[in-house]
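Let's walk through this model together, beginning with a charged residue and then widening the view. Keep the structure open as you read.

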Amino acid sequence: MIPVLAQASTTICDVLPRYQLERMELAATRIVDCMHALHQAGDNLVAAAHRGSGEFLEWEHYPTSDVYDPQSRAQYYFHAHPPDDRADPDYGHFHTFLKLPAGGAHVASDPAATDAVENSLCHLVAISMTAAGLPERIFTTNRWVTGESWRPASEVIALLDRFSIDLEYPSRSLNSWLTEMLVLFRPQIESLLVQRDITVGQWQNGYRDIDAFENRELEVTSSMRISLDDHIDWLDHVLTQKA
């Protein structure tokens with residue numbers, strides 16, 4: 001059973017220091033501005049990822065060559081699964097990564113991950129979108145899903161601040177939106193990453209004859225519904241209370 005965590009801003013975020021809350025507030029402002037800019041242009045976040053790529057096909061990456069910022073080494077793509085291959089309602093989702101030097105890859109928790117070390121992609125979090133281009137869920141995945149170089153939650157959490165896409169392609173607004181989403185929902189993402197490791201460990205203990213990282217029955221390792229409106233309202237309330 002894959003844990004689906006409640007949004008629970010009041011339990012996940014209440015102990016955050018003021019400086020982090022203010023950084024989240026700035027991220028929220030930028031997120032709203034990015035979405036407004038796309039809307040004014042008759043666009044949305046999903047359409048911006050697919051723009052210029054022709055017919056939208058399931059499983060394909062959009063943009064077709066992914067988006068990679070060589071300065072930050074951050075990377076992402078959008079894709080969709082067939083309807084009968086979706087555990088949760090999901091029009092499509094963004095996968096976010098950092099590409100790290102292979103020599104520095106940490107695989108102590110997964111010594112067999114030779115191929116993953118060579119490509120050294122570290123998956124951070126996925127953001128599920130509606131057909132209207134709105135975020136509805138964030139989730140983590142098992143290693144086989146993206147072929148990543150597996151790192152324990154503590155290491156992935158330490159990498160989150162490094163995710164930044166400072167590019168015009170395919171859309172400055174989309175890139176900024178993704179960058180700021182990892183700031184606004186940072187507490188929830190940290191919680192999901194911790195739960196991800198617990199889930200994988202439980203599966204490894206339950207199926208000792210199968211490598212949990214390659215078990216096709218374990219795809220989504222943690223999941224959480226999100227609401228931009230609710231989270232921003234909560235953030236405004238907390239900052240008002242702390243004023």
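**Around one helix**

With a relative accessibility of 31%, Arg 172 counts as partly exposed. This is a predicted model, and Arg 172 gives us a handy way in: its salt bridge with Glu 168 brings the closest N and O atoms to 3.0 Å. Glu 168 is exposed, its relative accessible area being 55%.

Now follow helix 7, which covers residues 172-184. At 1.5 Å a residue, its 13 residues should span 18 Å, and the end C-alpha atoms are indeed 18 Å apart. At the N-terminal end, Ser 171 acts as a cap, with a side-chain oxygen 3.3 Å from the backbone nitrogen of Ser 173. The helix is mostly covered, as 11 of its 13 residues are buried; among them are Trp 177, Glu 180 and Met 181.

Glu 180 deserves a closer look. Its relative accessibility is 7%, so Glu 180 counts as buried. Which partners does it find? One salt bridge joins Glu 180 to Arg 23, at 3.2 Å from N to O. That pair links distant parts of the chain, since Arg 23 sits in helix 2 (residues 18-40), 157 residues away from Glu 180. Glu 180 also forms a salt bridge with Arg 30, again with 3.2 Å between the closest N and O atoms. Arg 30 lies in helix 2 too, 150 residues from Glu 180.Both arginines are partly exposed, Arg 23 at 32% and Arg 30 at 36%.

Stepping back, the chain has 9 helices and 7 strands, and buried residues make up 51% of its 243 residues.

Key: Residues numbered from 1 in each chain as written. Predicted model: local features only at pLDDT ≥ 70, side-chain atom pairs only at ≥ 80, totals over all residues. Heavy atoms only, no water. Helix = DSSP H or I, 4+ residues; strand = E, 2+ residues; numbered from the N terminus. Buried < 20%, exposed > 50% of the residue type's maximum accessible area, 1.4 Å probe, protein only. Expected span 1.5 Å × (residues − 1). Polar contact = N/O pair within 3.5 Å; in protein donor to acceptor, adjacent residues only side chain to side chain. Salt bridge = Lys/Arg side-chain N within 4 Å of Asp/Glu carboxyl O.
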